[in-house]
Amino acid sequence: MRDDNCLFCKIVGGDIPSNKLYEDELCYAFYDIAPQAPTHFLVIPKTHISGCNGVTEENSAVVAHIFEVIPRIAAAEGLAGGYRVVSNCGADAGQTVPHLHFHILGGRAMGWPPG
């Protein structure tokens with residue numbers, strides 16, 4: 001399912017260009033346009049899920065698949081020393097695009113708390 005008003009659905013559909021990193025039948029990965037680390041990419045489901053609160057029993061398999069894909073992409077990107085996976089859930093957490101997405105950041109040591 002696609003939401004025609006969703007930025008990430010438009011990226012998946014090819015209506016908005018992105019620097020694609022990976023794609024399969026369930027998910028799409030692309031580099032962040034404002035990277036916060038030497039390596040910063042996003043992995044999103046191709047189907048529209050509004051965010052973490054939109055994950056259900058019916059669509060959770062795509063999330064499991066994404067978490068199977070993330071380590072493979074991270075390894076291909078040379079993130080052997082580790083990486084951070086972030087998903088902002090809701091406006092108060094900084095979610096600006098209402099489509100489930102995971103930021104993968106790496107290529108440097110990460111501090112805690114993140115800020």
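# Salt bridges, ring pairs and cores

Searching the whole structure for salt bridges (a side-chain nitrogen of Lys or Arg within 4 Å of a carboxyl oxygen of Asp or Glu) turns up two of them. The model is a predicted one, in which local features need pLDDT of at least 70 and side-chain atom pairs count only at pLDDT 80 or more, whereas totals for chains, interfaces and linings use all residues. Residues are numbered from 1 along each chain as its sequence is written, and side-chain values use heavy atoms, with hydrogens and water left out.

## Overall layout

The protein contains two helices and five strands (DSSP runs numbered from the N terminus, with H or I over at least four residues for a helix and E over at least two for a strand). Read from the N terminus, these elements follow the order α-β-β-β-α-β-β. The radius of gyration, taken over C-alpha atoms, is 14 Å, close to the 13 Å that the globule rule gives for 115 residues, so the protein is as compact as a globular protein of that length; the rule itself is 2.2 Å times the number of residues to the power 0.38. The C-alpha trace spans about 35 × 30 × 30 Å along its principal axes.

Of the 115 residues, 37% count as buried (under 20% relative accessible area, with exposed over 50% and partly exposed in between, for a 1.4 Å probe and protein chains only). Among contacts (heavy atoms within 4.5 Å) between residues at least 6 apart in sequence, 54% join residues at least 24 apart.

## The salt-bridge network

In one of the salt bridges, Lys20 pairs with Glu23, and the closest N and O atoms are 2.9 Å apart. In another, the side chains of Glu23 and Lys46 meet at 2.8 Å, N to O. Because Glu23 belongs to strand β1 and Lys46 to the loop between β3 and α2, this pair ties together parts that are 23 residues apart in sequence. Through shared partners, the salt bridges join Lys20, Glu23 and Lys46 into one network. The table gives the accessibility of these residues, together with that of Phe67 and Phe102, which appear again below.

| Residue | Relative accessibility | Class |
|---|---|---|
| Lys20 | 47% | partly exposed |
| Glu23 | 36% | partly exposed |
| Lys46 | 23% | partly exposed |
| Phe67 | 41% | partly exposed |
| Phe102 | 5% | buried |

## Aromatic pairs

The whole structure holds three aromatic pairs (rings of Phe, Tyr and Trp, the last by its six-membered ring, with centres within 6.5 Å; planes under 30 degrees apart count as stacked, over 60 as edge-to-face and the rest as tilted). One of them brings Phe8 and Phe30 together edge-to-face, with 5.6 Å from centre to centre and 70° between the planes. This pair links distant parts of the chain, since Phe8 sits in helix α1 (residues 7–12) and Phe30 in strand β2 (residues 27–31), 22 residues apart. Phe8 and Phe30 are both buried.

Another edge-to-face pair is formed by Phe67 and Phe102, at 5.0 Å centre to centre and with 75° between the planes. Here too the pair links distant parts of the chain, with Phe67 in helix α2 (residues 60–76) and Phe102 in strand β5 (residues 102–106), 35 residues apart. Ring pairs also link Phe8, Tyr28 and Phe30 into a cluster.

## Helix α2 and the cores

With 17 residues, α2 reaches 25 Å from its first C-alpha to its last, close to the 24 Å expected at 1.5 Å a residue (that is, 1.5 Å times one less than its number of residues). Its buried residues are Val62, Val63, His65, Ile66, Val69, Ile70, Ile73 and Ala74, and what covers them includes β1 (20–23), β2, β3 (39–45), β4 (83–86) and β5. After α2 comes Gly78, with a positive phi near 80°.

The largest nonpolar core (buried Ala, Val, Leu, Ile, Met, Phe, Trp, Tyr and Cys residues joined through side-chain atoms within 4.5 Å) has 16 residues, of which Phe41, Val43, Ile66, Ile70, Ile73, Phe102 and Ile104 touch the most other members. At least two residues of this core are supplied by each of β2, β3, α2 and β5, and the largest share, seven residues, comes from α2. Leaving aside residues up to four places away in sequence, Ile66 touches Cys27, Val43, Ile44, Pro45 and Phe102. Apart from the largest core lies another, of nine residues, among them Phe8, Ile11, Tyr28 and Phe30.
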